[in-house]
Amino acid sequence: MVTIQSIKEQFDEFGLEPSDEIVEKCIQICNRHGVVDPVEFVEQWFAYSCSKLGGAEPTLDNLRDMESHEYANRSRKPAANPSLARVRHGEVAVVASSSGSGGGSGGLVIYSNAEENEVENEVLGSYGCHTPKTKKRPVSRLLAQTPDKPNKAQFAPASYSPIAPSKKSADEEQPSNSGNVVYTFGNAFLLKQTSWSSSATAGAPSDDLPKCMGDACKYMYDSNYDRVLILGDRIYEGGREICQRLAEARKQQRDRGNGASAEEEVIPEDDREATLLEQVAIHHVDYPSTDVITVLGRIAVHPERQEGGRLAIVDYDEMTLRYTKLDFSKLKSWSVFPGETVVLEGVNPRGNLFEVRKVHYEVPLAPPPAPTTIGKPLHMVIGAAPFTDKDNLQYDKLSDLLAYCAENNPDVLILTGPFGSTSNDTLFLTIAESFEEYFEKIMANIVTSVPPTTEILIVSNHDDLQSSFVYPSFPYKISKFYKNLHFLPDPCVVSINGMHVAITTVDVVRDLSEAELSVAPSGDKIKRAFNYMFHHRSFYPLNPPPESVPLDVDLLHHFGTLPRVPNVMICPGDLKPYVRDVNGCVCVNPGHLTDYDSGEGTFARVVVHPPEEPTAAPFSYVACQVVKS
C-alpha cells in the first residue's frame, strides 16, 4: 500500500526530499490508477523525468504531465512473476528488485533500441514501462540497401530511459537528400573517369604516423615567461624567413636595374640584429623616424579600445617590452590577425604611432610535389563530428556512413572527433555505463562494420569526454588492439602512400576569419586563412585564441607545426563545406556528418589518381566530392 512514509522513503533513496504537497499528489495519482507499490511509482517517475524532463525534480505540474502521459487510458496487466525477466544480450533488460515499506518489489529497467518480443513486452507492461517504437527512416539514396537492414551498426548504449528517435527525423514518406553532391573538385575529364567505389584487396598503408604526445607530456604547465620565449622564437624564425624573401626580391630588382640608382639604406648599429636581418634593415617598432623604415613584430589587438587605436605591434626584443600603435589609413587594402608575425614598412615620426605603408607576412613556400609513388587510385572517405543528434544517441548518420564504406570499400576512412561531446547533455542524463566502455563499443562497431582492407584513422578532439581538455589533443586510447585502427592526435600530418595529409579538428578557419581585421582584402577569407597557416608554418597561428580553444603554447610549438605545405589538408568546421586549391594543397572542409539545425549532414569522398609528373596540379589528379549524408 502506498503511504506518505513509503513515498518519502523511496524519494529519499534518490536524494530528494519532496514537500508534503508533492507527496499528497503522488498518493492521489497512485489511488486514482490503482498503483499499490511505492517503489514502482517512484522509479516510474524517474524514468519519465530522465526521458522527458531532463532529470527535473517533481513538481505539481510535472506530476500532472506524467499522469496524463503514463497512466491515462492505460489498462494495467497483472504480473505473473514480476521478479523474473528474460535478458537477451545487447537488448533490454535488467530488472533489479528492491523492497519497499509496502512489502512490494519494483524494478529499474535499462532500455535499449532493440524490439522486444511479446513475452518481454508483457513483463515490461506489468512494471508500467513502455518502450517507444522507432519510426522508420526514409530510404537513403546513398546506400543500395534500406537503412533498417540488420547489417547496419547499432550504436545505442545501455540507458536509464527509452532512446527515442530524433525530433528532426524525417517521416517515412519524406524524400531523403542523402547522396546528393553539394560540392565537386577536379577537372571534368578526371571526374568523368573516376569511380567512387574501390575494388582494392589491400588497404593503403600509413607510411609515416605522426609523432604523438606521450603520457609523460605535461600540459598547462607553461608559465607566462615560457610563453613569451616561445612567441619570441616564433617572431624571430618567421621574421627571418620574411626578411629572406624580401632580400631576394630586392636583389632581383637590382639585377634588373630597377634599383641601380637607389641609395643603400643605412642600418643603425644600435637597432640592428645581425643574425636576424642579414640584408634587410630592421628597426625596433618604437624607433622614431620620418623616413620609411622597416620593423618586425607580432600583431596585437586591444578589444576594449576604439577602432582607431585597437591595433599595435609588439617588437621582437625579448629583453625589453616594446610596442607601438599602428595606423593603416594610408593603405587601400590590408588584412591582419592577432598573433601574426609581420614585417612592416612605414614611418614613425614621434615613436608612438607607426603609419603603415606596406605589410609583409609571406615566407618562401614550395608547393608540395605530387605523390608519384601512388601506383593505383587511392580512395578516402572523410567524416567529421558530430555523429549523432543532440537529443538521441542512435548515431544514425555514422551507421549510414559505415554502410556506405562497406559497399564502396575505400582504402582509408578518416573520422574526426568528438564522438561524445561534453556539450551533449543526453550522454549525462541517459547513458547507463561509463563513457570509456561506450567508446570502446563504438570503436568495435566501426571496425566490424567496414571491410578489413580499409585503414581507419581516428583523430581526437579536445571537447571529447574521452580526451583531455587541451589543444593540441592527445590521441584516444582503448584496451583492445585492431590491426586497421589507428588513433591520431589533433593536429597531425600523416603520410599515406607518399601523400602527406594534414588534419585538425579545431575550426581554425572560422577562428581566423572572425579574428581577422581587414579593409578591402584580396581573395576569399578561406584561402587567406589557409595561407596564414602555411606562411606561419602552424596549425593554429592565432594568438590569443578564443575561450573555447584550450591552447597550450608549448605543446603547439612542439606538435602543432606545419613544416611544409601538405598535399591534402582536412579542416572540418561550421562554414559551408568547401574544397579549395591553396598553394598546391587540396583544402577540404567535409562539413558535419550530422547538422544540429537541419538534421542532415555531409561527408567528403576523395580519389587520388596516380599523377603523371611531380609538378602536376592537384585538380589534374585529385577528384573530391562533398556528399549529403
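1. In this predicted model, G346 of strand β9 has V356 as its bridge partner in β10. The two strands, β9 and β10 (residues 353–360), pair in the antiparallel sense over 5 bridges. Their hairpin has 4 residues between the strands, and G351 takes a positive phi near 90° there.

2. Strand β9 also pairs with strand β5 (residues 289–301): 7 bridges join them, and they run antiparallel. One of the pairings puts L344 of β9 opposite V295 as its bridge partner.

3. How many residues of β9 (residues 341–348) are buried? The count is 8 of 8, so the strand is mostly covered, buried being under 20% relative accessible area. The burial applies to both faces: T341, V343, E345 and V347 lie on one side, with V342, L344, G346 and N348 on the other. E345 and N348 are thus included among the buried residues.

4. Helices α12 (residues 508–515) and α13 (residues 525–536) have axes that come within 9 Å and cross at roughly 105°. Because angles of 65 to 115 degrees count as roughly perpendicular, α12 is roughly perpendicular to α13.

5. On the α12 side, the contact consists of V508, V509, L512 and S513; these meet K525, I526, A529, F530, Y532 and M533 of α13. Sorted by class, the contact of α12 with α13 has 8 nonpolar, 1 polar and 1 charged residues.

6. The number of disulfides comes to 0, with a cut-off of 2.5 Å between cysteine sulfur atoms. As for individual cysteines, C405 is buried, at a relative accessible area of 0%, and C624 is likewise buried at 0%.

Methods. Residues are numbered from 1 along each chain as its sequence is written. This is a predicted model: local features need pLDDT of at least 70, side-chain atom pairs count only at pLDDT 80 or more; totals for chains, interfaces and linings use all residues. Side-chain values use heavy atoms; hydrogens and water are left out. Axes are lines fitted to C-alpha atoms, for helices over the stretch in contact, and angles run from 0 to 180 degrees between N-to-C directions. Angles under 35 degrees count as roughly parallel, over 145 as roughly antiparallel, 65 to 115 as roughly perpendicular and the rest as oblique. Contact means heavy atoms within 4.5 Å. Ala, Val, Leu, Ile, Met, Phe, Trp, Tyr, Cys and Pro count as nonpolar, Asp, Glu, Lys and Arg as charged, and the others, Gly among them, as polar. Buried means under 20% relative accessible area, exposed over 50%, partly exposed in between (1.4 Å probe, protein chains only). Two strands pair if DSSP finds at least two bridges between them.
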